[in-house]
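Q: I'm new to this one and would like to go through it slowly. Could you bring it up for us?

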Amino acid sequence: MLTEFLLESAFLCVLGGLIGLTLVWLLSLVLSSILPFPIYIAPNIVILGLSICIGLGVLAGIIPASIAAKLDPVVAIRTK
């Protein structure tokens with residue numbers, strides 16, 4: 001049960017990270033068309049950003065997930 005809650009927490013952080021990276025990519029396209037030099041987003045930075053999102057999602061979800069894992073599943077979902 002703990003793993004399920006941690007995976008949910010990590011998934012939500014990755015989803016937020018993907019939304020953020022999409023906004024940065026769109027901003028870089030706009031700025032590249034305005035500025036006299038191109039702006040690139042390196043793939044290793046994208047991987048680093050997603051890795052940080054996963055790590056933060058797991059770290060931020062450990063305490064709530066451990067508390068919810070000790071509850072009855074119906075109670076855990078209702079109090080979520």
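Q: Leaving aside its neighbours within four places in sequence, which residues is Ser-9 in contact with?
A: Outside that stretch, Ser-9 touches Gly-57, Val-58 and Gly-61, where contact means heavy atoms within 4.5 Å. This is a predicted model, in which local features need pLDDT of at least 70 and side-chain atom pairs count only at pLDDT 80 or more, while totals for chains, interfaces and linings use all residues. Residues are numbered from 1 along each chain as its sequence is written, and side-chain values use heavy atoms, with hydrogens and water left out.

Q: And is Ser-9 buried or exposed?
A: Ser-9 is buried, at a relative accessible area of 16% (buried is under 20%, exposed over 50%, partly exposed in between, with a 1.4 Å probe and protein chains only).

Q: At what angle do helix 1 and helix 2 pack?
A: Helix 1, residues 2-34, and helix 2, residues 43-70, pack at about 145°, with axes 7 Å apart. Helices are DSSP runs of H or I with at least four residues, numbered from the N terminus, and axes are lines fitted to C-alpha atoms over the stretch in contact, with angles from 0 to 180 degrees between N-to-C directions.

Q: Switching topic, how many disulfides does the structure hold?
A: The structure holds 0 disulfides, a disulfide being a pair of cysteine sulfur atoms within 2.5 Å. For Cys-13, the nearest cysteine sulfur is that of Cys-53, 6.6 Å away.

Q: Is Cys-53 buried or exposed?
A: Cys-53 is buried, with a relative accessible area of 18%, whereas Cys-13 is partly exposed at 26%.

Notes
Helix = DSSP H or I, 4+ residues; strand = E, 2+ residues; numbered from the N terminus.
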